[in-house]
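Visitor: Hi, could you walk me through this one? I'm new to reading structures.
Guide: Gladly; let us have it in front of us.

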Amino acid sequence: MKQVYKITYPTGKIYVGKDSIGSYRYYGSPDMHVVNEDFSKLPESVRQDYTIRKQILWESENCSEAELSAKEVEFIRELRSNDPEIGYNRWPKFNDDI
């Protein structure tokens, strides 16, 4: 099952990604340096006990890889997860003039 998902971190920021095999254990690959920098600003109690939420936004059993990638970009733009104030996606480059 191919999926597009949203990860919500305790920092309040989100990451949108895609999974070609539907692994429930996969949490994407945001830039860990950026995530770690944000985590370092959280209270110690939160850094020691936190929850990361994964939501499946869309899935298909028979879409092509191109369709999956297009859906991922659609959700990144819709949710603005490429806006550094909102999320951890760094591509496509955020343009707040759009």
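Guide: Before we begin, please keep in mind that this is a predicted model. A good place to start is strand E1, residues 2-8, which is joined to E2 by six bridges, with the two running antiparallel.

Visitor: Which residue stands opposite Gln3 in E2?
Guide: That is Asp19, so to speak the partner across from Gln3.

Visitor: And what order do the strands take in the sheet?
Guide: The order is E2-E1-E3, and these three strands make an open sheet with antiparallel pairing.

Visitor: Why is one side of E2 and of E3 left without a neighbour?
Guide: Strand E2 (14-19) and strand E3 (53-60) are at the edges and each has a single partner strand, so one side of each has no neighbour in the sheet. From one strand to the next, the twist averages 20 degrees.

Visitor: What packs on the sheet?
Guide: Helix H3, residues 65-79, does so, touching E1, E2 and E3, and its direction makes about 170 degrees with that of E2.

Visitor: New topic: where is Lys54, and is it buried or exposed?
Guide: Lys54 is in strand E3, and Lys54 is buried, yet has no salt bridge.

Visitor: How far away is the nearest side chain of opposite charge?
Guide: That side chain belongs to Asp19 and is 4.6 Å away, whereas a salt bridge needs the charged atoms within 4 Å.

Visitor: What does the side chain of Lys54 reach, then?
Guide: It reaches the backbone oxygen of Tyr26 at 2.6 Å, and a polar atom of the Lys54 side chain also lies 3.1 Å from the backbone oxygen of Ser23. Leaving aside residues up to four places away in sequence, Lys54 touches several others, including Tyr5, Ile7 and Tyr27.

Technical notes:
Residues numbered from 1 in each chain as written. Predicted model: local features only at pLDDT ≥ 70, side-chain atom pairs only at ≥ 80, totals over all residues. Heavy atoms only, no water. Pairing = 2+ DSSP bridges. Helix = DSSP H or I, 4+ residues; strand = E, 2+ residues; numbered from the N terminus. Axes fitted to C-alpha atoms, helices over the stretch in contact; angles between N-to-C directions. Contact = heavy atoms within 4.5 Å. Buried < 20%, exposed > 50% of the residue type's maximum accessible area, 1.4 Å probe, protein only. Lys, Arg positive; Asp, Glu negative; His and termini not counted. Polar contact = N/O pair within 3.5 Å; in protein donor to acceptor, adjacent residues only side chain to side chain.
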